[in-house]
Amino acid sequence: MDPRINEKEAAAIHAAAVTRNYSLQPRLDYRTVAGVNGPLVILDNVKFPKFAEIVELTLPDGTKRSGQVLEVQGKRAVVFEGTAGVDARATHVEFTGDTLKMRGSEDMLGRVFTGDGTRIDK
């Protein structure tokens with residue numbers, strides 16, 4: 001360790017390295033929506049899709065929505081997302097490289113939440 005750095009500074013540097021987000025930019029942006037079927041968006045020619053990966057859909061009007069990869073078959077990915085307003089030709093999808101994460105606490109025990117973490121009980 002560098003003698004000019006004290007232990008407190010070294011601990012802060014190590015903590016920052018552990019918690020840093022190492023995702024690469026730019027993320028891959030696809031305009032290969034093959035179809036929309038109910039709440040599913042089907043994408044073709046996707047490089048290395050990951051199961052449960054979070055994707056961001058940008059609709060033709062600029063609205064952004066999040067979805068999650070439910071199925072991967074080679075270069076095809078099936079994304080779960082409400083499909084109202086999704087146009088197969090004009091929608092583009094960006095893979096975030098991340099999965100859904102949610103912190104928990106004892107206060108959450110016995111509560112009811114939606115898939116995105118919004119509580120729905122009173």
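Partly exposed describes a residue whose relative accessible area lies between the buried limit of under 20% and the exposed limit of over 50%. The structure used in these exercises is a predicted model.

**Exercise 1.** Classify Arg65 and its salt-bridge partner Glu81 as buried, partly exposed or exposed.

Solution.
Step 1. Arg65 has a relative accessibility of 22%, so this residue counts as partly exposed.
Step 2. Glu81 has a relative accessible area of 9% and is therefore buried.
Step 3. The two side chains form a salt bridge, with N and O 3.2 Å apart.
Step 4. This pair links distant parts of the chain: Arg65 is in strand β5 (residues 64-73), and Glu81 is in the loop between β6 and β7, 16 residues apart.

**Exercise 2.** Which parts of the chain does the salt bridge between Arg76 and Asp44 tie together?

Solution.
Step 1. The closest N and O atoms of Arg76 and Asp44 are 2.7 Å apart, and a salt bridge needs them within 4 Å.
Step 2. Arg76 belongs to strand β6 (residues 76-80) and Asp44 to the loop between β3 and β4, so the bridge ties together parts 32 residues apart in sequence.
Step 3. Arg76, at 36%, is partly exposed; Asp44, at 23%, is partly exposed.

**Exercise 3.** Find where Asn45 and Ala52 are placed, and state the phi of each.

Solution.
Step 1. Most residues other than glycine have a negative phi.
Step 2. Asn45 is not a glycine, yet its phi is positive, about 55 degrees. Ala52 is not a glycine, and its phi is positive, about 75 degrees.
Step 3. Asn45 is in the loop between β3 and β4, and Ala52 is in the loop between β3 and β4.
Step 4. Asn45 is exposed at 54%, whereas Ala52 is buried at 17%.

Conventions
Residues numbered from 1 in each chain as written. Predicted model: local features only at pLDDT ≥ 70, side-chain atom pairs only at ≥ 80, totals over all residues. Heavy atoms only, no water. Helix = DSSP H or I, 4+ residues; strand = E, 2+ residues; numbered from the N terminus. Buried < 20%, exposed > 50% of the residue type's maximum accessible area, 1.4 Å probe, protein only.
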